[in-house]
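Please look over the model below with its surface in mind, paying attention first to charged side chains and then to nonpolar ones.

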Amino acid sequence: MDDCIFCRIVEGKIPARKVYEDEHVLAFHDIAPQAPVHVLVIPKVHVRSIMELEDEGLAGKIVTGIRNVARELNLDEKGFRVVNNMGQDGGQTVFHIHFHLLGGRTLTWPPG
Ligand code: AMP
């Protein structure tokens, strides 16, 4: 999608600090990190939100991508958090589905 910032990152038209890439999934550092490690994991195809993520195969590939990023960044032993914001109340600001992978410090709960 032309007006989607994350599609433009996938296409290489906007720079990003990539940490992981495979055929279906891309992961890159968030531009405004909320933790020492804050990476966004996205499918390469445009899917607006978790409500439109109907391809279960793709959902599984995203989870595999998250696991691979966690291993690559050595978060798998101490742990990390995965967040998906959906819609207005969920705080979604970019309407290309993405999963925030947060780690590198002890995270508090509940979120705001
Ligand atoms: P959300 O509020 O869940 O939709 O999250 C969108 C996230 O995308 C925010 O954490 C932003 O900081 C991040 N973001 C927006 N533009 C970029 C960009 N060009 N590169 C990396 N992260 C971005």
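What follows is a walk through the salt bridges and then a nonpolar surface patch of this predicted model.

With a salt bridge taken as a side-chain nitrogen of Lys or Arg within 4 Å of a carboxyl oxygen of Asp or Glu, the count comes to 3 salt bridges. One of them joins E11 and K13, whose closest N and O atoms are 3.2 Å apart. The two partners fall into separate accessibility classes, since E11, at 41% relative accessibility, counts as partly exposed, whereas K13, at 52%, counts as exposed because the exposed class begins over 50%.

The remaining pairs meet at E21, so that K18, E21 and K44 are linked in a network of salt bridges. Within this network, K18 approaches E21 with the closest N and O atoms 3.9 Å apart, while for K44 and E21 the corresponding separation is 2.9 Å. Because K44 lies in the loop between β3 and α2 and E21 in strand β1 (residues 18-21), this pair ties together parts that are 23 residues apart in sequence. Each member of the network is partly exposed: K18 has a relative accessibility of 42%, E21 one of 43%, and K44 one of 23%.

Turning to the nonpolar side chains, I50, M51 and M86 form a patch on the surface, and together they have about 280 Å² of accessible area. Of these residues, I50 lies in the loop between β3 (37-43) and α2 (56-72), and at 38% relative accessibility I50 counts as partly exposed.

Definitions and conventions
Residues numbered from 1 in each chain as written. Predicted model: local features only at pLDDT ≥ 70, side-chain atom pairs only at ≥ 80, totals over all residues. Heavy atoms only, no water. Patch = residues over 30% accessible without salt bridge, like charges linked within 9 Å, V, L, I, M, F, W, Y side chains within 5 Å. Areas by Shrake-Rupley, 256 points an atom, 1.4 Å probe, with all protein chains shown as cover. Helix = DSSP H or I, 4+ residues; strand = E, 2+ residues; numbered from the N terminus. Buried < 20%, exposed > 50% of the residue type's maximum accessible area, 1.4 Å probe, protein only.
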